[in-house]
Amino acid sequence: MAKQYETVIGLEVHVELATKTKIFCGCSTAFGGRPNTHTCPVCTGMPGSLPVLNKQVVEYAVAVGLATNCTITQYCKFDRKNYFYPDNPQNYQISQLYLPICRNGSVEIEVAGEDGNTYTKPVRIHEIHMEEDAGKLVHDDWEDCTLVDYNRSGVPLIEIVSEPDMRSAEEVIAYLEKLRLLIQYLGASDCKLQEGSMRADVNLSVREVGAEKFGTRTEMKNLNSFKAIARAIQGERERQIDLLEAGKEVIQETRRWDDNKEYSYAMRSKEDAQDYRYFPDPDLVPVYISDEWLDSIRSRQPEFRTEKMKRYKEEYDIPEYDIDIITGSKHLADIFEASVALGSQPKKVSNWLMVETMRLLKEKEMEPEDIRFSPEHLSRLITLVDGKVINSSVAKEVFQVMFEEDVDPEQYVEEKGLKTVNDESALRKVVEEVIAANSQSVEDYHNGKEKAIGFLVGQTMKAMKGKADPASVNQMLKELL
């Protein structure tokens, strides 16, 4: 009988925090600037420069710790992690080893099982620590050289280290989605994997089902999408099982996943803490988080998704499916609530978000966080439809432009002359012309073919360039027929 194997997975998740300036200096953290323009002597590791801790970094780290049920280390320190690499200008990274800011947390995840039923399980968090990011290496194949951009050097990170509690790619994705949503709700990071503001390193080993001892683990890097993470887990699981089945050993090492080739290759042997020669950073004083400061951060924690879903169910008359989708994105929930606060009916706001917004997001391969239209403009569009200033077809056309450019719908309708024609005599004239030009459809209608009137409505709308109310056209056709 073939051996059965179990996958054991732990994650190290790096999250770039949403501060305006870096962790130890006043340089901008803005994404996408020209290379080496967001730099100073501190973040480029110049001799004699001294780091000064950004208070907001500590507050974000504590907020994430509280949201993930961690114990907050009220007396914590920074350490130097020593290694030599061109994107690390100081030849050490300021991190936390001995006294990380958060410890012993957990989050509850929901996963769809193989039998189709959903199960929940806790994933324990070993620690969360604060650290600075490294620069970025840019490989120039044309010139056959490597360039360094230090804009990212010193950008504040938290690293969330889980216990090896996950057993499948599905559990890993559920855990990452839970973390991403918590952090986005806190406003601590936008968690955009494609921009690198959330990155996951996967530590994976396999063992025979029933075995107590863990197998030898490998760490996989270069994972910047949930799909890549799922494929990397499956690929590495199969590679390790193949080695064991062939009587070979799995080597503890760091591997790089190439998602295009769906293959991982060894980068270096996996280091342990002693390889980095950690010691307390002599330039930074310990961080003391008083009870008052901790209480202040705790009091500012937002309404998270679970509470929000419960409130939506009680407060708004919208389907549970809508609630699930809308609260699945902090940005989407903010647009929904702001539009309702401006006076729009919850169900109408929900319909625009669930149908047209979702369609365009899928079409353009965008995330809900990339939505640019404002709640004010959505609310105005709904008012235009409610007041029969424009019909639903025109509203969809206006919404598409609003989605792409965040135009003011009132102004756009006025400029493009899209208002519904409410002149009954003008409408009657067009309807009479349509009836006269389509005798076969008129005859079909008189012979009991109800669908024929739909054709006549379409012809009238076409003649009116979409600027008529379909219900009014339908009613007038029935009167005249």
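The exercises below, each with a worked solution, concern a predicted model.

**Exercise 1.** Determine how helix H1 and helix H2 are placed relative to each other, and which hand their crossing has.

*Solution.* Two packed helices are described by the angle between their axes and the distance between the axes. Begin with the distance: the axes of helix H1, residues 55-67, and helix H2, residues 169-186, come within 10 Å. Next take the angle, for the two axes cross at roughly 130°. That makes H1 oblique to H2, because angles over 145 degrees would count as roughly antiparallel and those from 65 to 115 as roughly perpendicular. Finally, the crossing of H1 and H2 is right-handed.

**Exercise 2.** Work out which parts of the chain are tied together by the salt bridge of Asp-283 and Arg-80, and whether each residue is buried or partly exposed.

*Solution.* First, the contact itself: the closest N and O atoms of Asp-283 and Arg-80 are 3.0 Å apart, and a salt bridge requires such atoms to be within 4 Å. Second, the locations: Asp-283 sits in the loop between strand S15 (279-280) and strand S16 (287-288), while Arg-80 belongs to strand S4 (residues 79-82), so the pair ties together parts that are 203 residues apart in sequence. Third, the accessibility: Asp-283, with a relative accessible area of 32%, is partly exposed, whereas Arg-80 counts as buried at 12%, because the cut-off for buried is under 20%.

**Exercise 3.** Describe the salt bridge between Lys-364 and Glu-404, and then that between Asp-408 and Arg-380.

*Solution.* Start with Lys-364 and Glu-404, whose side chains meet at 3.1 Å, N to O. Lys-364 is in the loop between helix H8 (346-363) and helix H9 (375-386), and Glu-404 is in helix H10 (residues 392-405), so this salt bridge ties together parts 40 residues apart in sequence. Lys-364 is partly exposed at 34% relative accessible area, and Glu-404 counts as partly exposed at 27%. Turn then to Asp-408 and Arg-380, which meet at 2.7 Å, N to O. Here Asp-408 lies in the loop between H10 and helix H11 (409-416), and Arg-380 lies in helix H9, 28 residues apart.

**Exercise 4.** Identify the residues that form a nonpolar patch on the surface together with Tyr-265, and place Tyr-265 in its strand.

*Solution.* The patch is formed by Tyr-263, Tyr-265 and Met-267, which together have about 300 Å² of accessible area. Tyr-265 lies in strand S14, which covers residues 263-269. With a relative accessible area of 36%, Tyr-265 is partly exposed.

Note on methods:
Residues are numbered from 1 along each chain as its sequence is written. This is a predicted model: local features need pLDDT of at least 70, side-chain atom pairs count only at pLDDT 80 or more; totals for chains, interfaces and linings use all residues. Side-chain values use heavy atoms; hydrogens and water are left out. Patches are made of residues with over 30% relative accessible area and no salt bridge: like charges are joined within 9 Å, nonpolar side chains (Val, Leu, Ile, Met, Phe, Trp, Tyr) within 5 Å. Accessible areas come from the Shrake-Rupley method with a 1.4 Å probe; for residues, only the protein chains shown count as cover. Helices (H or I, at least four residues) and strands (E, at least two) are DSSP runs, numbered from the N terminus. Buried means under 20% relative accessible area, exposed over 50%, partly exposed in between (1.4 Å probe, protein chains only). Axes are lines fitted to C-alpha atoms, for helices over the stretch in contact, and angles run from 0 to 180 degrees between N-to-C directions. Angles under 35 degrees count as roughly parallel, over 145 as roughly antiparallel, 65 to 115 as roughly perpendicular and the rest as oblique. A crossing is left-handed if the near helix is turned anticlockwise from the far one by less than a right angle, and right-handed if clockwise.
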